[in-house]
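Biologist: Hey, can we look at this one together? I'd like to start with the ligand and then move on to a pocket.

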Amino acid sequence: MSSRIAVFGTGYLGATHAACMAELGHEVIGVDVDESKLAKLESGEVPFYEPGLDEVLKRNIANGRLRFSSSYEEAAEFADVYFIGVGTPQKKGEFAADLKYVDAVIETLAPLLRRPAVILGKSTVPVGTAQRLAARAKELAPAGAEVELGWNPEFLREGYAIQDTLHPDRIVLGADSASSERVEQVAREVYAKLLAEGIPFLITDLATSELVKTAANAFLATKISFINAMAEVCEAAGADVATLADAIGHDVRIGRRFLNAGIGFGGGCLPKDIRAFMARAGELGADQALTFLREVDAINMRSRTRMVEVAREAVGGSLLGSRVAVLGAAFKPDSDDVRDSPALNIAGQIQLQGASVSVFDPKAMANSRAIFPTLTYATDIEEACQGADVVLVLTEWKQFRELNPNSISGQVREKRIIDGRNCLDAARWRAAGWEFHGLGRK
Ligand code: UGA
C-alpha cells in the first residue's frame, strides 16, 4: 500500500528521504522555502554530492512519484504523512541547537491540517522538543487532536545516504501513549518494505527516541576522540595507534569501526550534536553526566592543532614562507560537505602561520571556495603539489589513498608527506624516497 508523503526540508536528510520514500513506491512531495534548491531538484539535479542519489531522484521524478514545491498549502492538501527533515544548526555563540526551522515547519503546516494527519520528525532535536511540537501542532491545527506527532530519528551517513535510508540498521519510532497506535500504524505502512526485510523496529516514548539519536552521535564522537587520545599517548610513548586500533578492535565488544585516528571528526552533525546535547543536559540539571563530552570536543579540536604542529616541525620549525599542498577539503570522503571540516580548518590555520597553501579536493572545491576564499585552489593533485615543501593528506578520498608516490615526486620541492587520516601505505611512500609522517605513528 502506498502512502502520500510530504517531506519538509530538502537538504541532505530531506532530499534523500523524499527520493527514497518514492523509491519505496510512495507518492512524495518535497517542500522547501529555498526556490533555487527546488528548481535544481525539480530538474533532477542534486544540489550537493551524494553518490547514487541523482539516479534515484531522476527515476522517481520520471515515474511521477516524486515532485517538489514551495507550497505548504499544496503539501498539506496532498499528503497524509508529513516528515520534518529541516536542519537544526548550532546557535551562533552558544552550544544549543537552533530550532527555528523545525518550529517554522509546525507553525506553517499545522494551521493547514484539516484532516487527520501524522507528523513524523526526523531532524536531530534536543530531548523534549517533540512533546512541545506535538502540543503546538494540535493547538494550531483545525483537525486538533486528530493531528498526531511521532519522532523517527535519522541515522544516515553522508556518502551512504541511500543505502542507510533503504537499509538502515534499525528504525526507531517515538510516540506518546495517547497517539502511539496511529503513529505506529502509519510508520508501519511507510516502512512496510523495510520491516518485511526484518529490519529491527523499536517503538519508544518521544523523549527516548530523541535521545537515541543524540546518544548514538555522542558515542561515535567519543569513539573517535578516544582513539585520537590514544594517538597522543602513542606519539609520546613511541607506539603505533593504527596497530593498537586493529588489536583492540578485534574484541567484538570494542569493534574496529570508527577507531581511525587522525585529524578527527567534523561535518554538520557530530560536532554540533555533542554541543547541543551538553547544552540540553545543562537545562535539565544533568550537566555533570555529560562533562566528558567537553573533553571529547577538546581532544577533537586538539587533533587539528596537532596536525598543524606536525606540519610545522616537518618543514623545520616555521611555516612562514613554506609551500604546503593540502589534499582533501571535505569533512570526509565521498562528500562535498565542508561544514566544520577539519581539513579546511587545518589549511586555514597553516595559511595564517604564513605558509602558502594550495588545496585540492575531488568534489568540495566550490563549497570550500565559498567559505574560505583566501586559500589557493588547484585543479588537480599535481598542481596542488607544485613546489610543495610538504604534502598533507587530510581527507581519505580513494584517489589519495591510491596515489602513486612517483606521480608527484617530480612536482614537489621536498618529498615529504603527512598522513592526517592514517590512510596511506607508509612503507610504499618511504620506499619511493619520501619522508613520511603519520599521526600517532612511529
Ligand atoms: C554522522 C553519523 O555517523 C550518522 O549516523 C548520523 O546520522 C549523522 O552524523 C547525522 O547526525 O546526520 P556523518 O556526519 O555523515 O554521519 O559522518 P560520519 O561518517 O559519522 O563521520 C564524521 C566525522 O568523523 C568525519 O569527519 C570523519 O572523517 C570522522 N571520523 C570517522 C574519524 O575521524 N575517524 C573514524 O574512525 C570515523
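**Around the ligand**

Modeller: Sure. In this predicted model, a polar backbone atom of Glu158 sits 2.7 Å from an oxygen atom of the ligand.

Biologist: And how far is the side chain of Lys213 from an oxygen atom of the ligand?

Modeller: An N or O atom in the Lys213 side chain is 2.7 Å from a ligand oxygen. For Arg421, a polar side-chain atom lies 3.2 Å from an oxygen atom of the ligand.

Biologist: How much of the ligand's accessible area does the protein cover?

Modeller: On its own the ligand has 710 Å² of accessible area, and the protein covers 90% of that.

Biologist: Which residues come nearest to the ligand?

Modeller: There are 21 residues around the ligand, and Leu156, Glu158, Lys213, Asn217 and Phe331 come nearest. By class, the shell has ten nonpolar, four polar and seven charged residues.

Biologist: Which helix gives the most to that shell?

Modeller: H10, with four residues. H10 spans 206–237, and H12 also supplies at least two residues of the shell.

Biologist: OK, new topic. How much space is in the second largest pocket?

Modeller: About 180 Å³. Its lining has 13 residues, with Leu99, Pro126, Thr129, Arg280 and Glu283 nearest the centre of the pocket.

Biologist: What gives the most to that lining?

Modeller: H12, with four residues. Helix H6 (129–140) gives two or more as well.

Biologist: And which domains does the pocket lining draw on?

Modeller: Domain 1 (4–204) and domain 2 (209–442), with at least three residues from each. The shell around the ligand also draws at least three residues from each of those domains.

Conventions
Residues numbered from 1 in each chain as written. Predicted model: local features only at pLDDT ≥ 70, side-chain atom pairs only at ≥ 80, totals over all residues. Heavy atoms only, no water. 1 Å grid on protein atoms, 1.4 Å probe; cavity = no way out; pocket = protein on both sides within 12 Å on 5 of 7 lines; lining within 4 Å. Points joined across faces, edges and corners; volume = space filled by probe spheres on them. Domains from an automatic or database assignment. Near = heavy atom within 4 Å. Polar contact = N/O pair within 3.5 Å; in protein donor to acceptor, adjacent residues only side chain to side chain. Areas by Shrake-Rupley, 256 points an atom, 1.4 Å probe, with all protein chains shown as cover. Nonpolar A, V, L, I, M, F, W, Y, C, P; charged D, E, K, R; others polar.
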